[in-house]
Amino acid sequence: MKEDQTWRELLAQSRPAFAGETEVPYGLATRVLAGAREQRGQRDAFERIGWRAILASLAMVALTAGLTLGVQAMNDREDLEPGIQSLAVLENVQVS
Amino acid sequence: MDAPPDLAAALQRWREGDEAAGEELIRGLFPVISKIVRLHLPRRDDENDLIQEILMKTFSRLHQYKATAPLTHWVSRLALTTCLDRLRAQKVRPEVRWADLTPAETEVFDTAGLEGRTRDSGDAIEARDLVERILSVLPAEDRSLILMVDLEGHSLEEISRLTGWGVSKIKMRLFRVRSHLRKLIHQLGERK
């Protein structure tokens, strides 16, 4: 087909203009490596922050659990109705 | 297109924290990326900006590279994906008109079908502009596919590896692109 022939010819003619470069342009490597260093630093920093955040969260969970259990135990000892509590105080009854 | 041994060694040293190995990696990967960018990116875009973007992406994802394929393959796929994303973001022209062609492009087109004519090396840029003008009416994937096959001479399996598309999908798409191209070139010739 004539169209195919035209297309092939256009490609053959343009081929040299599509060839890539082999020499790294001046400054490109420096910019890329500076960016890579920055990214690496950020990733390390995020990792450190992440670990600290996880440890802090675990500490908070442990503290909250301890407080909850402590308050629960105290409530268990003082869970009489106010009227019964008053009677117990009046009669000096020991409630354990 | 296997990764040269020094590239693999440079990668290993880079991972161990050797900064100088980064420059070796850039020197080794630059020609691969440059070739892909020039093939898949229209000339009006800044080539070096895109090469830098691809290299930055490469370095930021090097920890994900598992060495199941050569590094150059992995980077080629990354470069092609980035180029395709850039191409997709550009407007697809509705049509290519004879009136839009520059005088140099019309001359290239007129002489393209003639047999036995002498080819001037200075025509390469104009021919490339014309090829890109014709391809600018195609979707990004079609444009890249036809160049990979017709200009680079990639096999369907290689294209499948680079793009992640299935071979049968590539065949179908290629058939459709060729028909579309024939129609475009025919219309361009008719409108002279």
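The paragraphs below lead through a predicted model of two protein chains, A and B, beginning with chain B and going on to the interface, the nonpolar cores and a few individual residues.

Chain B is built from helices, with nine of them and zero strands, so that its pattern, when read along the sequence, is α-α-α-α-α-α-α-α-α. The C-alpha trace of chain B spans about 60 × 35 × 35 Å along its principal axes. Of the 192 residues in chain B, 48% are buried. Among the contacts in chain B with a separation of 6 or more, 68% are accounted for by residues 24 or more positions apart.

The two chains meet in an interface where 45 residues of chain B are in contact with 34 residues of chain A. The size of an interface is often given as the accessible area lost when the parts come together. Between chain B and chain A this buried area is about 3,800 Å², and carbon and sulfur atoms give 67% of it. Polar interactions also cross the interface: the rule finds 11 residue pairs in polar contact, with both residues at pLDDT 80 or more. On the side of chain B that touches chain A, at least two residues each are supplied by α2 (20-40), α3 (47-61), α5 (103-112), α6 (123-135), α7 (140-150) and α9 (167-190) of chain B. The residues of that side divide into 24 nonpolar, nine polar and 12 charged. Three salt bridges are counted between chain B and chain A, and the side chains of E19(B) and R37(A) meet in a salt bridge with an N to O distance of 2.7 Å.

The largest nonpolar core holds 39 residues, and the members that touch the most other members are W7(A), V131(B), I134(B), L135(B), I146(B) and L147(B). Helix α1 (2-18) of chain A supplies at least two residues of this core, as does each of α4 (71-89), α5, α6, α7, α8 (156-163) and α9 of chain B. The helix that gives the most to this core is α9(B), with seven residues. What does W7(A) touch, when residues up to four places away in sequence are not counted? On that basis W7(A) touches V131(B), L135(B), I146(B), D150(B), L181(B) and I185(B). Apart from this core lies another, of 31 residues, among them W14(B), V37(B), L62(B) and V75(B).

Over all chains the structure holds 17 salt bridges, and several of them can be followed in chain B. In helix α6 of chain B, the side chain of R128(B) meets that of E132(B) in a salt bridge of 3.1 Å, N to O. Because E132(B) and R128(B) are four residues apart in helix α6 of chain B, they are separated by about one helical turn. Both ends of this pair are buried, since R128(B) has a relative accessibility of 4% and E132(B) one of 9%, and buried means under 20%. Salt bridges that share partners also join E21(A), R38(B) and E47(B) into one network. Within that network, the side chains of R38(B) and E47(B) meet at 2.9 Å, N to O, and R38(B) and E47(B) are both buried. The side chain of R128(B) is linked to R38(B) as well, for a polar atom of that side chain lies 3.1 Å from the backbone oxygen of R38(B).

Helix α4 of chain B offers a further pair, D85(B) and R88(B), which are three residues apart and therefore separated by about one helical turn. The side chains of D85(B) and R88(B) meet in a salt bridge of 2.8 Å, N to O. Is this pair buried or partly exposed? D85(B) counts as partly exposed at 40% relative accessibility, and R88(B) counts as partly exposed at 43%.

In helix α4 of chain B there is also T82(B), which counts as buried because its relative accessibility is 4%. Leaving out residues up to four places away in sequence, T82(B) touches L50(B), E53(B), I54(B) and K57(B). With the side chain of K57(B), the side chain of T82(B) makes a polar contact of 3.2 Å.

The last stop is A67(B), in the loop between α3 and α4 of chain B. At 53% relative accessibility, A67(B) counts as exposed. Its phi is near 65 degrees, a positive value in a residue other than glycine.

Note on methods
Residues numbered from 1 in each chain as written. Chains lettered and ligands numbered in written order. Predicted model: local features only at pLDDT ≥ 70, side-chain atom pairs only at ≥ 80, totals over all residues. Heavy atoms only, no water. Contact = heavy atoms within 4.5 Å. Buried area = accessible area lost by both parts, 1.4 Å probe. Salt bridge = Lys/Arg side-chain N within 4 Å of Asp/Glu carboxyl O. Polar contact = N/O pair within 3.5 Å; in protein donor to acceptor, adjacent residues only side chain to side chain. Nonpolar A, V, L, I, M, F, W, Y, C, P; charged D, E, K, R; others polar. Core = buried A, V, L, I, M, F, W, Y, C linked by side-chain atoms within 4.5 Å. Buried < 20%, exposed > 50% of the residue type's maximum accessible area, 1.4 Å probe, protein only.
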